[in-house]
Amino acid sequence: MSIDAARQHLKRFGKDGDILEFDTSSATVELAANALGVPCSHIAKTISLVDGDSAMLVVAAGDVRLDNAKFRPAFGFKPRMLTSEQALYFTGHAVGGICPFGLIRPLRVFADISLKRFHTVYPACGSANSAIPLTCDELFTIAGCIGWVDVCRPSPGAENTG
């Protein structure tokens, strides 16, 4: 089970006991924000992208979306989302629970600067009804991020609160 892989990963950092599991779905930014009682912006969504013959992950605030005009110069290619099947194959997590923890394959993971507005953010933990509160520094370290990037822009109508 995917949440078990995330739990084992988080255990190495002493954070496995901090995983929150919900009776309701947290599979989308909106559902996760409702389950947690926080603004959508505080959800740390994991965007899974094609990276040549592999995949890469960008963890970003819930109120932003990828900006092709920023992404292409940063990475040298146009971003393309993984299919559900590809996401499961590369991460071990199904859509709705994709996170940078407990990955079944080594992937490049980046954190978008949109997260830096917040002290605490809430990424998923491998299932469609889980999350964990982490500081941005904890997320960066625990996810094994390669670096901070600026590849997103506010979504139309996003609350963009801090």
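Start by selecting Ser41 and His42: their side chains make a polar contact at 3.3 Å. A polar contact is a pair of N or O atoms within 3.5 Å; within protein, one must be able to donate a hydrogen and the other to accept it, and residues adjacent in sequence count only if both atoms are side-chain atoms.

You are looking at a predicted model, in which local features need pLDDT of at least 70 and side-chain atom pairs count only at pLDDT 80 or more, while totals for chains, interfaces and linings use all residues. Residues are numbered from 1 along each chain as its sequence is written, and side-chain values use heavy atoms, with hydrogens and water left out.

**Stop 1: around Ser41**

Stay on Ser41. It sits in the loop between α2 and β2. Helices (H or I, at least four residues) and strands (E, at least two) are DSSP runs, numbered from the N terminus. Is Ser41 buried or exposed? Ser41 is buried, at a relative accessible area of 0%. Buried means under 20% relative accessible area, exposed over 50%, and partly exposed in between (1.4 Å probe, protein chains only).

**Stop 2: helix α2**

Now select residues 29–36, helix α2. This helix lies across β2 and β6 (120–123), and runs at about 155° to β2. Such axes are lines fitted to C-alpha atoms, for helices over the stretch in contact, and angles run from 0 to 180 degrees between N-to-C directions.

Which residues of α2 are buried? Colour Val29, Ala32, Ala33 and Leu36. They cover an arc of only 100° around the axis, which puts them on the same side of α2. The arc is that of the directions from the helix axis to the C-beta atoms. Here is the general rule: an α-helix has 3.6 residues a turn, so residues three or four places apart point the same way.

Show what covers these buried residues: β1 (20–21), β2, β6 and β7 (130–131) are included. Then step to Gly37, just after α2, where phi is positive, about 70°.

**Stop 3: the sheet**

Show the strands. Six of them form an open sheet in the order β8-β6-β2-β3-β5-β9, with mixed pairing. β8 (134–135) and β9 (147–149) stand at the edges with a single partner strand each, so one side of each has no neighbour in the sheet. Two strands pair if DSSP finds at least two bridges between them.

Select β2 (residues 43–51) and β3 (residues 54–61). Eight bridges pair these strands in the antiparallel sense. Find Lys45 and its bridge partner in β3, Ala60. Next find Val50, which stands opposite Ala55 in β3. The hairpin of β2 and β3 has two residues between the strands, and Gly52 there takes a positive phi near 65°.

How many residues of β3 are buried? Seven of the eight are, so β3 is largely enclosed by the rest of the structure.

Move on to β5 (residues 108–112). Four of its five residues are buried, so to speak of β5 as mostly covered is fair. β5 runs parallel to β3, joined by four bridges. Two partners to pick out are Leu57 with Val109 of β5, and Val59 with Ala111 of β5. β5 also runs parallel to β9, through three bridges. Here Ala111 stands opposite Trp148 in β9.

**Stop 4: Leu103**

Select Leu103, in the loop between α4 (84–91) and β5. Leu103 is partly exposed, with a relative accessible area of 24%. Leaving aside neighbours within four places in sequence, Leu103 is in contact with Leu57, Thr91, His93 and Val109. Contact means heavy atoms within 4.5 Å. Now add Ala143: the two residues are 40 apart in sequence, but 9.5 Å apart in space, C-alpha to C-alpha.

**Stop 5: helix α3**

Select Asp67 and helix α3 (residues 68–75). Asp67 caps the N-terminal end of α3, with a side-chain oxygen 2.9 Å from the backbone nitrogen of Ala69. At the other side, α3 is followed by Gly76, whose phi is positive, near 80°.

**Stop 6: the cysteines**

How many disulfides does a search of the whole structure find? Zero. A disulfide is counted as a pair of cysteine sulfur atoms within 2.5 Å. Select Cys125 and Cys99. The closest cysteine sulfur to that of Cys125 is in Cys99, at 5.9 Å, too far for a bond. Cys125 counts as buried, at 0% relative accessibility. Cys136 is in no disulfide either; the nearest cysteine sulfur, in Cys145, is 10 Å away. Cys136 is buried too, with a relative accessible area of 8%.
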